[in-house]
Amino acid sequence: MRKAVGIGGLRRKEADRLALSKKGNELAQREIEKLQEHITIMKANLEDFVREHQKEIRNDPMFRGQVQRMCQLIGVDPLVSRKGYMAELLGVGDFYCELGIQIIGICVATRSINGGLIELDDLQQRLIRRRIKGSEPIIEDDIKRAISQLKPLKGGYRIVTFGNRKMVQSISREMNPDNSTVLALAQYTCKFTVEDVRVGFEWDMNRIRSCIDDMLRSGIIWVDDYDAVQPEYWVPAFFSQMSGANLGS
């Protein structure tokens with residue numbers, strides 16, 4: 001008898017558990033539906049806000065960045081939302097297309113000198129000089145977003161980091177870890193020697209030579225062999241102090 005009662009108790013507990021689970025799912029579904037309603041309202045309010053402040057959004061890059069972050073928080077991509085409806089309101093569709101074309105032009109013009117790596121700050125200054133007077137101002141976030149739109153072109157356009165330096169890469173090749181490590185070593189001096197790498201990372205000469213030769217072939221670094229005993233390897237992409245006229249703006 002005790003066994004039978006025990007089985008019945010287990011069945012009742014299982015039935016209670018299933019009932020609670022069902023009730024919990026119903027409550028969760030109602031909460032999700034409420035949340036979706038709130039998001040829909042927020043999206044509509046955001047569209048009204050953008051429509052009302054179009055001029056300020058286009059002319060103030062900081063304000064534009066804040067609005068775009070608001071869009072991201074509620075899951076709106078201005079460039080694809082409703083086939084570009086929000087992009088049209090924000091005035092960013094043509095803006096980022098134009099900016100992307102200018103970025104490509106600068107990267108291609110400087111590639112023979114910097115090997116397809118240009119410092120983000122340097123690129124921004126070149127863009128500012130190139131843009132027509134009276135055009136919308138640009139900030140770093142604008143450049144990052146424009147570059148993200150270049151991915152379908154499969155030209156290798158991306159933002160990479162070496163130490164504290166943000167660089168724009170425009171070559172279709174993966175930067176291997178050794179390349180990145182050595183470039184980070186040169187982030188402040190813009191140069192390094194074989195001895196710097198050997199002492200800094202305790203690599204053997206085969207590894208050092210392989211890394212250096214790879215970057216020399218791609219044009220990422222230059223060699224100054226005035227001192228035949230200890231040649232210096234320079235990273236032209238780090239020469240942000242050079243003028244755009246000297247590097248082909």
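This is a short tour of one protein chain, to be followed in a viewer.

**The whole chain**

Start with everything shown as a cartoon. The model is predicted. The protein chain has 10 helices and 6 strands. Of its 249 residues, 39% count as buried. Turn next to contacts between residues at least 6 apart in sequence: 60% of them join residues at least 24 apart.

**Helix 10**

Select residues 205-218, which form helix 10. This helix has 14 residues. From its first C-alpha to its last it reaches 20 Å, close to the 20 Å expected at 1.5 Å a residue.

Begin at its start. Show the side chain of D204 and the backbone of N206. A side-chain oxygen of D204 reaches to within 3.1 Å of the backbone nitrogen of N206. Now go to the other end. Helix 10 is followed by G219, whose phi is positive, near 85°.

Which residues of helix 10 are buried? Select I208, C211, I212, D214 and M215: these are the buried ones. They cover an arc of only 155° around the axis, so they sit on the same side of helix 10. An α-helix has 3.6 residues a turn, so residues three or four places apart point the same way.

Rotate the view to the other side of helix 10. There N206 and R217 are exposed. R217 has a relative accessible area of 66%.

Now add the neighbours. What covers the buried residues of helix 10 includes helix 8, strand 4, helix 9 (194-201) and strand 6. Keep these on screen, because several come back below.

**A salt bridge inside helix 10**

Stay on the helix and show the side chains of R217 and D214. They meet in a salt bridge, 3.9 Å from N to O. Both residues lie in helix 10, 3 residues apart, about one turn of the helix. This pair joins an exposed residue, R217, to a buried one, D214.

**From helix 10 to helix 8**

Select R207 and D178. Their side chains meet in a salt bridge of 2.8 Å, N to O. The pair links distant parts of the chain: D178 is in helix 8 (residues 177-185), R207 is in helix 10, and they are 29 residues apart.

How accessible is each partner? D178 is buried, with a relative accessible area of 18%. R207 is partly exposed, at 37%.

**Helix 8**

Now select helix 8 itself. Its buried residues are D178, N179, V182, L183 and A184. They pack against strand 1 (117-119), strand 2 (157-162), strand 4, helix 9 and helix 10.

Look at the N-terminal end of helix 8. N176 caps it. A side-chain oxygen of N176 lies 3.0 Å from the backbone nitrogen of D178. So D178 appears twice on this tour, because its side chain also meets that of R207 and it is itself buried at 18%.

**Strand 4 to strand 6**

Select K191 and E232. Their side chains meet in a salt bridge, 3.2 Å from N to O. This pair, too, links distant parts of the chain. K191 is in strand 4 (residues 191-192), E232 is in strand 6 (residues 232-234), and 41 residues separate them. K191 counts as partly exposed, at 29% relative accessibility. E232 is partly exposed as well, with a relative accessible area of 24%. Both strands are among the elements that cover the buried residues of helix 10.

**A network, and the full count**

Select E140, K144 and K166. A network of salt bridges links them. How many salt bridges does a search of the whole structure find? The search finds 9.

**Two cysteines**

Select C190 and C211. C190 counts as buried, at 8% relative accessibility. C211 is buried too, at 5%. C211 belongs to the buried residues of helix 10 seen earlier. A disulfide is a covalent bond between the sulfur atoms of two cysteines. How many disulfides does a search of the whole structure find? It finds 0.

**Last stop: helix 5**

Select helix 5, residues 93-114, and find Q102 in it. Is Q102 buried or exposed? At 12% relative accessibility, Q102 counts as buried. Show its surroundings. Leaving out residues up to four places away in sequence, Q102 touches L127, R130 and R131.

Terms used: Residues are numbered from 1 along each chain as its sequence is written. This is a predicted model: local features need pLDDT of at least 70, side-chain atom pairs count only at pLDDT 80 or more; totals for chains, interfaces and linings use all residues. Side-chain values use heavy atoms; hydrogens and water are left out. A salt bridge is a side-chain nitrogen of Lys or Arg within 4 Å of a carboxyl oxygen of Asp or Glu. Helices (H or I, at least four residues) and strands (E, at least two) are DSSP runs, numbered from the N terminus. Buried means under 20% relative accessible area, exposed over 50%, partly exposed in between (1.4 Å probe, protein chains only). A disulfide is a pair of cysteine sulfur atoms within 2.5 Å. The expected span of a helix is 1.5 Å times one less than its number of residues. The arc is that of the directions from the helix axis to the C-beta atoms. Contact means heavy atoms within 4.5 Å. A polar contact is a pair of N or O atoms within 3.5 Å; within protein, one must be able to donate a hydrogen and the other to accept it, and residues adjacent in sequence count only if both atoms are side-chain atoms.
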